[in-house]
Amino acid sequence: MERYQLVDYKDAKDAMQRGTKENRRAAGPYNPDYKDKYLQVHFTIEDEGVFTTPWTAIMIYLRERSEWPEVVCAEGRFAFHHNQSADLPHADKPDF
């Protein structure tokens with residue numbers, strides 16, 4: 001199960017404090033002057049073959065307003081690390 005919600009600070013505050021306590025910092029960049037909505041992702045993992053009991057977590061993300069640089073692209077010719085040439089699969093004819 002998963003649920004995505006846009007929430008205000010008062011609704012995101014407890015999950016961010018718990019994330020800071022358990023993971024040393026809340027998800028996303030910390031900005032004390034952030035006044036926009038937060039994306040709250042609430043999910044439950046159930047896999048009897050792996051876990052003895054279901055577990056639930058809440059992640060909080062802030063909207064990044066600055067430009068996001070493109071770092072890796074599937075169509076790129078370079079590997080992520082050290083800009084080395086990468087042997088990426090390609091199609092001579094598109095399949096769509």
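User: Let me start with Leu39: is this residue buried, partly exposed or exposed?

Analyst: A good place to begin. Relative accessible area sorts residues into classes, and the middle class lies between 20% and 50%. Leu39 has 32% relative accessibility, so it counts as partly exposed. Please keep in mind that this is a predicted model. Leu39 sits in strand S2.

User: Which residues join Leu39 in a nonpolar patch on the surface?

Analyst: Tyr4, Leu6 and Tyr61 do, and together with Leu39 the patch has about 410 Å² of accessible area. To put this in context, the protein exposes about 8,900 Å², and 52% of that is supplied by carbon and sulfur atoms.

User: Where does a neighbour such as Gln40 stand, buried or exposed?

Analyst: Here a general idea helps. In a regular strand the side chains alternate between the two faces of the sheet. In this structure, Gln40 also belongs to strand S2. Gln40 is buried, with a relative accessible area of 10%, whereas Leu39 is partly exposed.

User: What does Gln40 touch, leaving aside its neighbours within four places in sequence?

Analyst: Quite a list: Arg3, Tyr4, Gln5, Val7, Asp11, Ile58, Met59 and Ile60. As for the protein overall, 17% of its 96 residues count as buried.

User: How do the elements of the protein run from the N terminus on?

Analyst: The order is β-α-β-β, made up of one helix and three strands. Strand S1 covers residues 2–7, helix H1 covers 9–23 and strand S2 covers 38–45. Strand S3 spans residues 55–62.

User: How many bridges join S1 to S2, and in which direction do these strands run?

Analyst: There are six bridges, and S1 and S2 run antiparallel. To follow the pairing by eye, pick a residue and find its partner: Arg3 stands opposite His42 in S2.

User: And how many bridges join S2 to S3?

Analyst: Eight, again with the two strands antiparallel. One pair to look for is Ile45 with its bridge partner Trp55 in S3.

User: What else can I read around Trp55, such as its contacts?

Analyst: Trp55 is found in strand S3 and is partly exposed, at 36% relative accessibility. Beyond four places in sequence, Trp55 is in contact with Phe43, Thr44 and Ile45. Between Trp55 and Phe43 the C-alpha distance is 8.4 Å, with their positions 12 residues apart in sequence.

User: Let me try S1 as well. Which residues does Gln5 touch, not counting those up to four places away?

Analyst: Tyr38, Leu39 and Gln40. Gln5 lies in strand S1 and is partly exposed, with a relative accessible area of 33%. You can also look from Gln5 to Lys37: their C-alpha atoms are separated by 9.5 Å, and the two residues are 32 apart along the chain. Across the protein, residues 24 or more positions apart account for 50% of the contacts with a separation of 6 or more.

User: You mentioned Lys37. With which residue does Lys37 form a salt bridge?

Analyst: The general idea first. Side chains of opposite charge can pair when their charged atoms come close. Here, Lys37 pairs with Asp8, and their closest N and O atoms are 3.0 Å apart. Lys37 lies in the loop between H1 and S2, and Asp8 in the loop between S1 and H1, so the salt bridge ties together parts that are 29 residues apart in sequence. Lys37 is partly exposed at 34%, and Asp8 is partly exposed at 36%.

User: How many salt bridges does a search of the whole structure find?

Analyst: Two. The other joins Asp11 to Lys10, with the closest N and O atoms 3.6 Å apart. Asp11 is partly exposed at 41% relative accessibility, while Lys10 counts as exposed at 64%.

User: Which element has the highest mean pLDDT, and which the lowest?

Analyst: S1 has the highest mean, 94, and H1 the lowest, 80. For the protein, the average pLDDT is 76, and 64% of the residues score at least 70. A general caution applies when you read the rest. Where pLDDT is low, the predicted coordinates should not be read in detail.

Note on methods:
Residues numbered from 1 in each chain as written. Heavy atoms only, no water. Salt bridge = Lys/Arg side-chain N within 4 Å of Asp/Glu carboxyl O. Helix = DSSP H or I, 4+ residues; strand = E, 2+ residues; numbered from the N terminus. Buried < 20%, exposed > 50% of the residue type's maximum accessible area, 1.4 Å probe, protein only. Patch = residues over 30% accessible without salt bridge, like charges linked within 9 Å, V, L, I, M, F, W, Y side chains within 5 Å. Areas by Shrake-Rupley, 256 points an atom, 1.4 Å probe, with all protein chains shown as cover. Contact = heavy atoms within 4.5 Å. Pairing = 2+ DSSP bridges. pLDDT = per-residue confidence, 0-100.
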